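Hello,

Here is the structure I promised to pass on. Have a look at it first, and then read on for what turned up.

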Amino acid sequence: MTFPSRFAHLLAVLALLAGTSAVARDNAADVAAIQAVDQAWLKAFNGNEPETLANLYAENAVLLPPGAPGVHGRAAIKAFFTKEAGGAAKDGVVFGLGAKPDGGAHGDLGWASGTYTIKDKAGKVLETGKYLSVSKKKDGKWQYVRDTWNSDGAPPPPATKK
């Protein structure tokens, strides 16, 4: 290879590496933003703020709670959280997220997953589990488009008829 072609090759490699690190920085910033939405969700749930919770979801989002049908659309999601967050607040139940969530982003789509713990007002663990959400960035803001979670414990036995 001649000097000019080696130099051009070196410049191309450096440009590629610089672009890769810029993408990694952008990806890390997007993952951090997605995880910040998870923290906002946590604060709103524990604060019994169904309107705030619903606004973290896209207008056509689907919530996939365990043991229940999917909840379609922001208005239905707000109604779901009005009942769930309200009941948790009334009973003194607190939701917490694990310390090491995972996530990724590519373009305007991203995801987050991790663990959760539900505790009663005395601090006793009632449930542990895991969650997975898919988010979409719209107008610079990440919103959930799909959100699901499930318990690590076995489901309760079916009710028996008397």
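Strand 1 (residues 57-64) runs parallel to strand 7, and the two are joined by 4 bridges. Valine 62 faces arginine 146 of strand 7 there. Please keep in mind that this is a predicted model.

Strand 1 has a second pairing, an antiparallel one, with strand 2 (residues 71-72) over 2 bridges. Here leucine 63 is matched with valine 71 of strand 2. The hairpin that these strands form has 6 residues between them, and glycine 67 in that hairpin has a positive phi near 65°.

Now to the pocket. The largest one holds about 540 Å³ of space. Its lining counts 23 residues, and those closest to the centre are Phe45, Glu84, Phe95, Ile118 and Trp149. By character, the lining has 15 nonpolar, 3 polar and 5 charged residues.

Which elements build that lining with at least two residues each? They are helix 1, helix 3 (74-91), strand 3 (94-97), strand 5 (109-119), strand 6 (125-138) and strand 7 (141-151). The biggest share comes from helix 3, which supplies 6 residues.

Helix 3 deserves a little more time. With 18 residues at 1.5 Å a residue, helix 3 should span 26 Å, and the 25 Å between its end C-alpha atoms agrees with that. Its buried residues are Arg74, Ile77, Phe80, Phe81, Ala85 and Ala88. An α-helix has 3.6 residues a turn, so residues three or four places apart point the same way. You may like to keep that in mind as you go through the buried positions in the viewer. After helix 3 comes glycine 92, which has a positive phi near 75°.

One last residue to look up is aspartate 30, which sits in helix 1 (residues 3-46). Is aspartate 30 buried or exposed? Its relative accessible area is 15%, and because that falls under the 20% cut-off, aspartate 30 counts as buried. Leaving aside residues up to four places away in sequence, aspartate 30 touches Ala105, Gly107, Lys137 and Trp142. Glycine 107 is 77 residues away from aspartate 30 along the chain, yet their C-alpha atoms are 9.1 Å apart.

Happy browsing, and do write back with any questions.

Best wishes

Terms used
Residues numbered from 1 in each chain as written. Predicted model: local features only at pLDDT ≥ 70, side-chain atom pairs only at ≥ 80, totals over all residues. Heavy atoms only, no water. Buried < 20%, exposed > 50% of the residue type's maximum accessible area, 1.4 Å probe, protein only. Contact = heavy atoms within 4.5 Å. 1 Å grid on protein atoms, 1.4 Å probe; cavity = no way out; pocket = protein on both sides within 12 Å on 5 of 7 lines; lining within 4 Å. Points joined across faces, edges and corners; volume = space filled by probe spheres on them. Nonpolar A, V, L, I, M, F, W, Y, C, P; charged D, E, K, R; others polar. Pairing = 2+ DSSP bridges. Expected span 1.5 Å × (residues − 1).
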